[in-house]
Amino acid sequence: MFPLAQPVPGLPGAVWATTSINTPIDTTFLTPAENELYQTFTAEQRQREWLAGRRAARAALRAVGAGAASILRNAEGAPQLKGPHADQVEVAITHGSNHAAAVATHRTSARPCIGIDWVDPSDLHRIQRIRHRVLTPNEHELCKDEDVPLRLAWGAREAMAKATQTGMFRFALAHVHLKAIDQKSGEALINYPEARIRFMVTSDHGLVVIAAISPTTRQEANLTANLC
Ligand SMILES: CC(C)(COP(=O)(O)OP(=O)(O)OC[C@H]1O[C@@H](n2cnc3c(N)ncnc32)[C@H](O)[C@@H]1OP(=O)(O)O)[C@@H](O)C(=O)NCCC(=O)NCCS
């Protein structure tokens, strides 16, 4: 039922997991508190993606010793953990059109504030349409018309929106940009030098982008978001 969690290359202590959204609906793994939340969803696609996100998150949390915690949500929609070891770890969730993925890490790690984004190949058209409004001149140069760098320019912003818990529109869209990309190692540099951005291309060409930052960078981002 649970996917295999694996270490995030280049991010010590962080693990991630991915699972299909298109599986028969099964809620038996939910805790009572999660089940209560699940009952609020009525659309089948939303139920499937939410359950897949919880399965991926549970797998990642198990790998960092917090598999018994309930994965609820805070007022902004971000995952909020309650229960055993909940205050010792952080988790982030994303969905693509067919898959969900999650990443978890210990709060004691160097960069405990994490975010994740799944960018489907089909998202490229939308990104192409808005690239002239969003990307910096350096990013246009880095991305040219290449698929992965262009999706990465978007995914890094979404992953940073989650890692900072500021959301895409108050902060990441305008204040996060790529400075360099190393496609071989799966590492990107952004304008927050302390941040680590890792990316992987899955077997069905999904791009998974993970951002990990320190609490100081999260605080700085929140300050920026509140000034905007
Ligand atoms: C939050 C946001 C980055 C999500 O990205 P997305 O591409 O729409 O969706 P994804 O599938 O990648 O991720 C969805 C998951 O992100 C998580 N999430 C939602 N809001 C979040 C937030 N504020 N911070 C961190 N994670 C968040 C949830 O786990 C959600 O899945 P779930 O509802 O099934 O648990 C984006 O919707 C956004 O920024 N919206 C604007 C919200 C905003 O600006 N709010 C202001 C204060 S935060």
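Trainee: How many residues surround the ligand, and which are the closest?

Mentor: To read a binding shell, start with who is near, meaning a C-beta atom, placed from the backbone, within 6 Å of the molecule. Here 22 residues surround the ligand, and the closest are Gly77, Ala78, Thr94, Gly167 and Met168. Keep in mind that this is a predicted model, where local features need pLDDT of at least 70 and side-chain atom pairs count only at pLDDT 80 or more, while totals for chains, interfaces and linings use all residues. Residues are numbered from 1 along each chain as its sequence is written.

Trainee: Which helices and strands each supply at least two residues of that shell?

Mentor: Helices (H or I, at least four residues) and strands (E, at least two) are DSSP runs, numbered from the N terminus. In this model α2 (44-63), β5 (89-95), α5 (147-164) and α6 (168-175) each supply at least two shell residues. The largest share, 4 residues, comes from β5. By type, the shell divides into 8 nonpolar, 7 polar and 7 charged residues; Ala, Val, Leu, Ile, Met, Phe, Trp, Tyr, Cys and Pro count as nonpolar, Asp, Glu, Lys and Arg as charged, and the others, Gly among them, as polar.

Trainee: What does the domain assignment of the chain give?

Mentor: It gives domain 1 (13-106) and domain 2 (116-227), with bounds from an automatic or database domain assignment. Each domain contributes at least three residues to the shell around the ligand. The centres of the two domains, taken over C-alpha atoms, are 22 Å apart. Their contact takes 16 residues from domain 1 and 13 residues from domain 2; being in contact means C-beta atoms, placed from the backbone, within 7 Å. On the domain 1 side, β2 (15-20), β5 and β6 (99-106) each supply at least two residues, and the largest share, 5 residues, comes from β6.

Trainee: In what order do the strands of the open sheet lie?

Mentor: Strands of a sheet pair through backbone hydrogen bonds, either parallel or antiparallel. Two strands count as paired if DSSP finds at least two bridges between them. Here 4 strands form an open sheet in the order β1-β2-β6-β5, with antiparallel pairing. β1 (6-7) and β5 are the edge strands, each pairing on one side only. β5 and β6 are joined by 7 bridges, and alanine 92 has valine 103 in β6 as its bridge partner.

Trainee: Which residues touch the most other members of the largest nonpolar core?

Mentor: In soluble globular proteins, nonpolar side chains tend to be buried together. A nonpolar core is a set of buried Ala, Val, Leu, Ile, Met, Phe, Trp, Tyr and Cys residues joined through C-beta atoms within 7 Å. In this model the largest one has 65 residues, and Ala60 and Ala102 touch the most other members. Both domain 1 and domain 2 give residues to this core, so it lies between them. Beyond neighbours within four places in sequence, alanine 102 has contacts including Trp16, Ala60, Ala92 and Ile116.

Trainee: Is glutamine 165 buried or exposed?

Mentor: Count other C-beta atoms, placed from the backbone, within 10 Å of its own: 20 or more means buried, 12 or fewer exposed, and in between partly exposed. Glutamine 165 counts as partly exposed because it has 17 C-beta neighbours inside 10 Å. It lies in the loop between α5 and α6, and its phi is near 55°, a positive value in a residue other than glycine.

Conventions:
Two residues are in contact if their C-beta atoms, placed from the backbone, lie within 7 Å.
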